[in-house]
Each structure stands twice: as C-alpha cells, then as structure tokens.
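Colleague: Mind walking me through this one? I'd like to hear about some packing and a few side chains.

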Amino acid sequence: MAKISLIVNGNPVNANVDPRTLLVQFLRENLRLTGTHVGCDTSQCGACVVHLDGKAVKSCTTLAVMADGHEVRTIEGLAADGARLHPMQEAFREHHGLQCGFCTPGMIMTAVDMVHRKGHDLSEQTIREELEGNLCRCTGYQNIVLSIAAGARAMAKSDLA
C-alpha cells in the first residue's frame, strides 16, 4: 500500500491505496465522488476528466499515487462555495449541451480548462478541436459547442475566470 495526501475539491485527503489504483477509481470508490465517469478505461472518451493542479487530465490513465501532494478538482467541486453551479455548468443547462449526461462532467471539466488556456472568446473551430479527446454518443456536438462558448463568456464575468 502507498500513503497519499492530496487536496480534493478544497479538502485535505489522506489515504492508503494500492499503487496500481487509478485516480478515477480512488475518486469514485474511496471518496464516493461519482460525477467523474468511467467510459472507456483507455483515455479515448474523456468522461473521466478532472483537474490536477488546475489542468485537465484523464483520470482513467492517471494513478492515484501520481496525485500525491497535488490538488484535484472534480465536477462536484467546480462551483464556487455557496454557488449552485459554475458558469460553465449553467451554460450547459441553459443551452441544452447534454442529453443522457454521461459525458457532461468530462466535457465541462475540459471546457473550463480550455477557457483557462485559450481565453474567453473561443471560436467554434477552437472548441471543436479542443474537444477532440471527448466523445458524446448522444448529441451532434452543436449544443455542446454553443454551451462552451456561452460558458466561456459567462466565466469572463465571474470570479472563476
């Protein structure tokens, strides 16, 4: 067993884990943060995207021990304290950027990272290119793209820019 200490959604976490435990397994099974989904186990679909030290990573191919000493943010911890939803979550709700919802947490976490890296004025082409590692089996992506563009603009007006 390996001892790990990390910050998850602003809370300190200490645990003993098998060194082979994936971050997605640790989040879902140990911490019961089930908003991070397992879609493929091969880093192809993006349903498992979380932020590690503020950067989007696919938690299905990241070992929990790799997060030792770092900060992890999941979809459950995305909204600011006291806020019901993060501006990007609100944009997905408002612009119908989801259907079954399975890919939505990964899409939103990827979108927030995209805004942090690319800014608040995102073209459709940029959004589509940046979503290349995230798959949705229900939509034609059009409302996801519209949601991300709206969410990026909303983030510019919030403290979460």
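**Helix packing and buried polar residues**

Modeller: Helix 2 (residues 87-94) and helix 5 (residues 142-156) pack at an angle of about 140°, their axes 8 Å apart. Axes here are lines fitted to C-alpha atoms over the stretch in contact, with angles from 0 to 180 degrees between N-to-C directions; helices (H or I, at least four residues) and strands (E, at least two) are DSSP runs numbered from the N terminus. Keep in mind that this is a predicted model, where local features need pLDDT of at least 70, side-chain atom pairs count only at pLDDT 80 or more, and totals for chains, interfaces and linings use all residues. Residues are numbered from 1 along each chain as its sequence is written, and side-chain values use heavy atoms, with hydrogens and water left out.

Colleague: So is helix 2 parallel or oblique to helix 5?

Modeller: Angles under 35 degrees count as roughly parallel, over 145 as roughly antiparallel, 65 to 115 as roughly perpendicular, and the rest as oblique. The angle is about 140°, so helix 2 is oblique to helix 5.

Colleague: By class, which residues make the contact of helix 2 with helix 5?

Modeller: Contact means heavy atoms within 4.5 Å. Helix 2 brings P87, M88, A91 and F92, and helix 5 brings I144, S147, I148, A150, G151, A152, A154 and M155. By class, that contact has no charged residues, two polar and ten nonpolar.

Colleague: Over to H51: which backbone oxygen lies 2.7 Å from its side chain?

Modeller: H51 sits in strand 3 (residues 49-52) and is buried (under 20% relative accessible area, 1.4 Å probe, protein chains only) at 5%. Beyond its neighbours within four places in sequence, H51 touches A56, E71, V72, R73, M109, V112 and D113. The backbone oxygen 2.7 Å from a polar atom of the H51 side chain belongs to M109.

Colleague: And T74, which side chain does it join in a polar contact?

Modeller: T74 is in the loop between strand 5 (71-73) and helix 2, buried at a relative accessible area of 0%. A polar contact is a pair of N or O atoms within 3.5 Å; within protein, one must be able to donate a hydrogen and the other to accept it, and residues adjacent in sequence count only if both atoms are side-chain atoms. At 2.6 Å, the partner of T74 is the side chain of E76.

Colleague: Last one: at what distance does the N134 side chain reach the backbone oxygen of G46?

Modeller: N134 lies in the loop between helix 4 (124-130) and helix 5, and is buried at 4%. Its side chain reaches the backbone oxygen of G106 at 3.4 Å. For the backbone oxygen of G46, the N134 side chain gets there at 3.4 Å.

How values were computed:
Ala, Val, Leu, Ile, Met, Phe, Trp, Tyr, Cys and Pro count as nonpolar, Asp, Glu, Lys and Arg as charged, and the others, Gly among them, as polar. Buried means under 20% relative accessible area, exposed over 50%, partly exposed in between (1.4 Å probe, protein chains only).
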